[in-house]
Every structure is written in structure tokens, then in C-alpha cells.
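Here's a quick tour of a protein, taken one topic at a time. Have a look at the fold first, then work through the points below.

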Amino acid sequence: MKNKKLGAVILSVLSLCTVFFSSCSKKQNEAVEEKPVEEKKLILGFSQIGSESAWRTRNTQSIYEAAAENDIQIIFDDAQQKQENQLKAIRSFIVYQVDVIAFVPIVEDGWDNVLTEAKEAGIPVILVDRQINADPSLYAGFLGEDGLEEGRRAARFLLNKCQNRSGTIRIYEMSGTENSSVVRDRANGFREIIEAEPKFKIIHSEDGDFLRSRGKEIAERLISQTTKRDGLYFEGQKIDAVYSHNDSMTLGMLDSLENYGVSTKDTIIISVDAEQKSIDALTEGKLNCVVECNPNLGPMLMELVKQIAAGQTIPRITYNSETVFTENDDFSLYQPRGY
């Protein structure tokens, strides 16, 4: 009898243990099932052309900030102003199998082969800030500024400024990096407007490569052509207006003018970008007009990245919003630029 009672007790204990462990196992399984599955982070391979200006630095910061806000991982490459570095970077993004590639093309030509490789790998590409000469099917779209309109805005200010002036208006142009889309567009847009008025004449166009050092060199060369300090001269002709394709070159030119004591009170100076330092120069009377080129492309880029990663078609061209700052503004309304 004792053995039977003991056996019954053991069976009861075993049954309870079975129920207990079964219950624990069920709860563990439920816990595993209830745990949310983490979504895979989107990976963006981004190649920037360099850090040659405050504008470019802010452009990069904007993209980093927006990526963090959207939980998108960035693999970043600084091309240091060399196309060959960008080609290597894009190929490394392909090997890494990023979800999307975005890059700021230094020049317009020479991209077909690497973009074909990206297309064959199934990785969409977005152009940022500058456009290229390539088969449109090799990239998804472009995000950036409307360079043609920037050039037109600069020219419209000049026409309005000189509407009551007679005689030839001699213009000296400092252009940016040769063979880049933004240079072509800013030049063409400017010419499109001034060509309607025969009195406007571009007497020379010089490649300043978007660099402050080059703007300084160009100005020093002009200053050395004469002993006069009442303005800038080119081959004996007094320059009435300077059209500079970016603030870095403009600020470099202003450095030289100050160093050599050259007065430009009668010279109309127009710049493009709207960095804080150029806006400061505008309020100080050193510039007459600054056409904005907005570097804050990050939020818009991340939206395009998410859309394209989800299999959606993005617009072929997406322009950022931009404005114009002139000597006629109420400077008290200006807000800090942040770059």
C-alpha cells in the first residue's frame, strides 16, 4: 500500500511539472512571437565632391542630419575634387550592395560605365546638386538647384540696376569648375537675359574652380594690370560689373581688393550661393546682390531615397526653393544663415 501511495504521489508531481514546464514553454514562445521584428536599415552610399566652401560643408551636414532623422545609414566618401575618386567610391558602393547611391558629380561627362554597373546591380542612383551628360535611364532623378534660373536672377538684378545707365556695361565673369553643369547653367541663364540689351557686354570669363584661393588670384592679376585703385580693370577696360558663380570666389576677390586698397564703390558685384559671409558683405555694402543656392538638400534627398527604395518612381527633376538678396532689402529682416 505504501508503495502504491508513493507511486501516486510521484505521478502527481510529474504531472504538475509537465504542466508547469509546458506553460513556461508556451509563454516563452508567445514572447518570441510578440517581439517585433526589427526592420533592416536603408543604406545610402553618398559621394560628395569635397569641402571647398562653407556651402559645401553645410550641404554635407544637411544630408547627415536628415539621414539620422530618418534612420538611414550613410556610407560617405569625400572625392576631394577628383572624378576618379568618385568612380572608385561608386564602385565600392556597388560591391557593398547599398540600397541607393547618391552623388554630386564633379563634371558632366564620363559616368556611363559606372552607372551601367550600378543599374546591372539593381541599385538606383540619384544625382545631387549637379547634372550629367548620360543616358537618363541610368539614373533615377536629379535633386538640386535650378542653375539656369540662378543665372537669370543675377542678370535681372543687373538689368534693373543699370536701367538708367547709358553706354556699354562691361562685365567680368568668374565661372566655376570647368565642364560642370552648374557652370553651364549659371552662364547660360545669365546670358539669356542680358542678350536682350546690347549695352551689356561680357568682356572676359575666367575659370575660378569655385575656390576662394582662385578668386583671390584672379583679382590680384586684375589689380596688377594697372596702378589705378578706383576699380578693377581688364586689358585697359574698366570693369563695371562682376558676376561670380559662387561666394567662395567672390570672398577671395574681396580679400584681394581690401589687401590692395582697391575701391569698388562704382563696381556692381553679384555673387551666387548666399553663405553668411557673403550676406555680411552685402549688408556692409561690399556686394550688390547675392543669389541664393540652397545647400539644405538633406530632407528632400531622404524622402527620395525612401520612395525609390520602396519601389516608387521619383520625379526626374526636383528643385530646392531659393531666393535673392539685394542691396535694396531690409537687412533687419535677415535671419542667420547657419553656414
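Helices and strands here are runs assigned by DSSP, with at least four residues for a helix and at least two for a strand, and they are numbered from the N terminus. With that in hand, you can place alanine 274: it sits in the loop between β11 (268–273) and α9 (276–283). Keep in mind as you read that this is a predicted model.

**The whole protein**

- Count up the secondary structure and you get 10 helices and 14 strands.
- The protein has 339 residues, and 48% of them count as buried.
- Take the contacts with a separation of 6 or more: 74% of them link residues 24 or more positions apart.
- The accessible surface is about 17,000 Å², and carbon and sulfur atoms make up 50% of that.

**The parallel sheet**

- One open sheet has six strands in the order β2-β1-β3-β4-β5-β13, and its pairing is parallel.
- Its edge strands are β2 (73–78) and β13 (317–319), each pairing on one side only.
- From one strand to the next, the twist averages 20°.
- In general, strands of a sheet pair through backbone hydrogen bonds, and they can do this in a parallel or an antiparallel way.
- Strand β1 (residues 43–48) and β3 run parallel and are joined by four bridges; leucine 44 has valine 100 in β3 as its bridge partner.
- On to the next pair: β3 and strand β4 (residues 125–128) pair in the parallel sense over three bridges, with alanine 102 opposite isoleucine 126 in β4.
- β4 also pairs with strand β5 (residues 141–144), again in the parallel sense and over three bridges. Here isoleucine 126 has glycine 141 in β5 as its bridge partner.
- Which way do the residues of strand β3 (residues 100–103) point? Val100 and Ala102 point one way, Ile101 and Phe103 point the other way, and all are buried.

**Two helices side by side**

- Helix α3 (residues 83–96) lies across β1, β2 and β3, and runs at about 175° to β1.
- The axes of α3 and helix α4 (residues 112–120) come within 10 Å and cross at roughly 10°.
- Angles under 35 degrees count as roughly parallel, so α3 and α4 are roughly parallel to each other.
- Where they touch, Leu87, Ile90, Arg91 and Ile94 of α3 meet Asn113, Val114, Glu117 and Ala118 of α4.
- Sorted by class, that contact has five nonpolar, one polar and two charged residues.

**Zooming in on leucine 115**

- Leucine 115 is part of helix α4.
- Is leucine 115 buried or exposed? Its relative accessible area is 0%, and buried means under 20%, so leucine 115 is buried.
- Which residues does leucine 115 touch, leaving aside its neighbours within four places in sequence? The answer is Phe103, Val125, Ile132 and Leu138.
- Leucine 115 and leucine 87 are 28 residues apart in sequence, and their C-alpha atoms are 9.4 Å apart in space.

**The mixed sheet**

- Another open sheet of six strands has the order β7-β6-β10-β11-β12-β14, and this one has mixed pairing.
- β7 (200–207) and β14 (324–326) stand at the edges with a single partner strand each, so one side of each has no neighbour in the sheet.
- The twist in this sheet averages 15° from one strand to the next.
- Strand β6 (residues 169–175) and β7 run parallel, joined by seven bridges. Isoleucine 169 has phenylalanine 200 in β7 as its bridge partner.
- Helix α5 (residues 147–161) lies across β6, β7, β10 (241–244), β11, β12 (289–292) and β14, running at about 160° to β11.

**Two residues with a positive phi**

- Most residues other than glycine have a negative phi.
- Glutamate 235 is not a glycine, but its phi is positive, at about 50°. Glutamate 235 lies in the loop between β8 (233–234) and β9 (237–238).
- Alanine 274, from the loop mentioned at the start, also has a positive phi, near 80°.
- Buried or exposed? With a relative accessibility of 61%, glutamate 235 counts as exposed, while alanine 274 at 0% counts as buried.

How values were computed
Residues are numbered from 1 along each chain as its sequence is written. This is a predicted model: local features need pLDDT of at least 70, side-chain atom pairs count only at pLDDT 80 or more; totals for chains, interfaces and linings use all residues. Side-chain values use heavy atoms; hydrogens and water are left out. Buried means under 20% relative accessible area, exposed over 50%, partly exposed in between (1.4 Å probe, protein chains only). Contact means heavy atoms within 4.5 Å. Accessible areas come from the Shrake-Rupley method with a 1.4 Å probe; for residues, only the protein chains shown count as cover. Axes are lines fitted to C-alpha atoms, for helices over the stretch in contact, and angles run from 0 to 180 degrees between N-to-C directions. Angles under 35 degrees count as roughly parallel, over 145 as roughly antiparallel, 65 to 115 as roughly perpendicular and the rest as oblique. Ala, Val, Leu, Ile, Met, Phe, Trp, Tyr, Cys and Pro count as nonpolar, Asp, Glu, Lys and Arg as charged, and the others, Gly among them, as polar. Two strands pair if DSSP finds at least two bridges between them.
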